[in-house]
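Please work through the following exercises with the structure at hand. Each task is followed by a solution in steps.

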Amino acid sequence: MTVGETGTPMPAQRRCGTMDVHRRLLTERPGYAVARAEIETHAQRFRTARRAEERLGVTVIPTVVHVVFQTPVQNIDDAQVRSQIDVLNRDFRKLNPDVANVPDAFKPLVGDAFIEFRLATRDPLDNPTNGITRTQTTVAAFDTDDSVKHAAQGGADAWPSDRYLNIWVCRLAGGLLGYAQFPGGPRDTDGVVITYTAFGTTGTAAPPFHLGRSATHEVGHWLNLFHIWGDDGTACTGSDQVDDTPNQAGPNFGCPQFPHITCGNAPSGDMFMNYMDYTDDACMFMFTKGQTVRMQAALDGPRASIGTSQLLRPALFRAWKGIGGDPGLYVSSTGDGQQWTPQILLPFVGTSSGASVTEHGDLLHMAWKGLDGDPGIYHSSSADGANWRPQNLVPAVGTSHKPSITASNGVLHMVWKGIGTDSGIYHSTSADGLGWQPQNLIGGVGTSNGPFVTVFNGVLHMVWKGMGADSGIYHSSSIDGVNWQPQNHVEGVGTSHGASLAVFDGLLHMVWKGMDADSGIYHSTSPDGTKWEPQNHISGVGTSHTPVLGVLGGRLHMVWKGMDGDPGVYHSATRDGVTWDPQDLIPNVGTSEGPSMVSLP
């Protein structure tokens, strides 16, 4: 073993305790063997029936991380936890950059599991949470006996495992990196355990297990994947029950050279870069398509109660105010930009200027200004876009225009114009949309309309119209929403309402209505928000309010209200921001304000 920066001995080779747990449960738990046999039968039927389409889109799994620590260094911070969630989301969606290192012989086999993980935003009692619990213990190190999963034994009790993926982070003994429980085991111990020096990519994570792949490996087990060599020692007779993983003689360690031939598997040899082998973090970077089908079988069978794909397939979600004197807020969504679900009128809410909508955690969040004469800002959230929690008034703030809301670095950010003649732009943050930090006035800026904020490469970007007769469009950026870069005037453009942003194809895209009587819609791009390409006029369209953007299916989509007197809502899409599809009128909807829209992954 080597010694990491934390002083904890680091194993030289990967060691996983999942099969130890499996064998123990076969001995200790009546019914476990039967449950496992039934699960395996279901997996094989699922595979042969080609039912991988059962869960459409992406399944998002609410996740809770239980940090169990004896010393301060073991009490890893929130950023390290989030870094691990980021790794899981890249690895299970085939978005990890090192997937490019897969040898050519195996590239056609790489699979996207269509599974994502989100830190829970609600605990089992429906209280707000950041998805992280912290428990101090007197236990120096834990083993595979599941004691870390019980408060009475110095650990932390599981949240309901039919609703959450439980991950425990602690110090594990004996060079153990982690272990998981296969589907079919006891509910109170269901989940994944990772040692604190092999969790995430920051803080205590230490080489060679510092890239978060221990959790990827163990969550693979939790979704019913076996070790790639079939756990038969080196006999070449075992199987991981997946057709497209080559047979191999035992685990690989470190970073082998390709090809590494065993069990007569020439010419390509072992798939040692698979997450279910034992190689170092830097040398594992793929699941196969067959493994993703097996994981989908787990979601169709023993894990059917967990996660949702209702809103999390690729979609655009839209919110808007009713026509004229109708203060109602309506919502709808689309999977292609053409066919929109029937509009839903949200109960108990009303607005005089429309709403802003974003996604944060596993919920949709919406913010809006109150009815005429009510400057209050209100918030609500929804898991499915149809059923919304009762509105809550954001305390001690007010606006005369629509606020703008987005999510960045694990929190919600909201910006808005002040009340009445107050042209200041204000900002606040919230972990859950319920408790908001005291507002901060963004110095040196002002507007006569609502500003618009989005996130690009982890940085907040805001655009707004100038004050009063100043029709200029201004931009600023911020890491935290408190300290903003000096405003920059976007040269050569102007608007009588405002502008909106979206991120597409590695650039910031901005659209806006022209000045005063100019109802045209204009578009520009920027790599950083400071230098913008010359504006291009989008031909054949016009609006009396600010248009908005979203991304779906490799295209940039735009929706907008019609010109003065026309309450219709229109849609168009483009692949380059220059050539737009002919506009289409979205049937049976209308608005007196500009709509809002968010892209769902």
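The exercises below concern a predicted model and treat a strand, aromatic rings and backbone geometry.

**Exercise 1. Determine how far strand E4 is enclosed, and identify its pairing with strand E3.**

Step 1. Strand E4 covers residues 115-119. In a regular strand the side chains alternate between the two faces of the sheet. In E4, Ile-115, Phe-117 and Leu-119 point one way, whereas Glu-116 and Arg-118 point the other way.

Step 2. The criterion for a buried residue is a relative accessible area under 20%. Five of the five residues of E4 are buried, so the strand is largely enclosed by the rest of the structure. The buried set therefore includes Glu-116 and Arg-118 as well as Ile-115, Phe-117 and Leu-119.

Step 3. The partner strand E3 spans residues 59-69 and pairs with E4 in the parallel sense, over five bridges. Within this pairing, Thr-63 is the residue opposite Leu-119.

**Exercise 2. Classify the aromatic pair of Trp-229 and Tyr-278, and locate both rings in the chain.**

Step 1. A pair of aromatic rings is described by the distance of the centres and the angle of the planes. The structure holds 15 aromatic pairs. For Trp-229 and Tyr-278 the centres are 5.0 Å apart and the planes make an angle of 75°. Planes over 60 degrees apart count as edge-to-face, so the pair of Trp-229 and Tyr-278 is edge-to-face.

Step 2. Both residues lie in the loop between helix H4 (213-222) and helix H5 (289-300), 49 residues apart, and the pair links distant parts of the chain.

Step 3. Trp-229 has a relative accessible area of 5% and is therefore buried. Tyr-278, at 9%, also counts as buried.

**Exercise 3. Classify the pair of Trp-320 and Tyr-330, and describe the placement of Arg-318.**

Step 1. The ring centres of Trp-320 and Tyr-330 are 6.0 Å apart, with 20° between the planes. Planes under 30 degrees apart count as stacked, so this pair is stacked.

Step 2. Trp-320 belongs to strand E9 (residues 315-321) and Tyr-330 to strand E10 (residues 329-334), ten residues apart.

Step 3. Trp-320 is buried at a relative accessible area of 1%, and Tyr-330 is buried at 12%.

Step 4. Arg-318 lies over the face of Trp-320, 4.1 Å from the ring centre. The charged end of Arg-318 also sits over the ring of Trp-340, at 4.3 Å from its centre.

**Exercise 4. Which residues do ring pairs link into a cluster with Phe-117?**

Step 1. Ring pairs join Phe-117 with Phe-92, Tyr-275 and Phe-287 in a cluster.

Step 2. Phe-117 is a buried residue of E4, pointing the way of Ile-115 and Leu-119.

**Exercise 5. Identify the listed backbone exceptions and place them in the chain.**

Step 1. Most residues other than glycine have a negative phi, and most peptide bonds are trans.

Step 2. A cis peptide bond joins Pro-207 and Pro-208, with omega about 0°; Pro-208 is in the loop between strand E8 (192-195) and H4. Another cis peptide bond joins Phe-258 and Pro-259, with omega about -5°; Pro-259 is in the loop between H4 and H5.

Step 3. Asp-231 is not a glycine, yet its phi is positive, about 55°. Cys-236 likewise has a positive phi, about 65°. Asp-231 lies in the loop between H4 and H5, as does Cys-236.

Step 4. Asp-231 is partly exposed at a relative accessible area of 22%, and Cys-236 is partly exposed at 27%.

Note on methods
Residues are numbered from 1 along each chain as its sequence is written. This is a predicted model: local features need pLDDT of at least 70, side-chain atom pairs count only at pLDDT 80 or more; totals for chains, interfaces and linings use all residues. Side-chain values use heavy atoms; hydrogens and water are left out. Buried means under 20% relative accessible area, exposed over 50%, partly exposed in between (1.4 Å probe, protein chains only). Helices (H or I, at least four residues) and strands (E, at least two) are DSSP runs, numbered from the N terminus. Two strands pair if DSSP finds at least two bridges between them. Rings of Phe, Tyr and Trp (its six-membered ring) pair if their centres lie within 6.5 Å; planes under 30 degrees apart count as stacked, over 60 as edge-to-face and the rest as tilted. A charge sits over a ring if NZ of Lys or CZ of Arg is within 6 Å of the ring centre and within 35 degrees of the ring normal.
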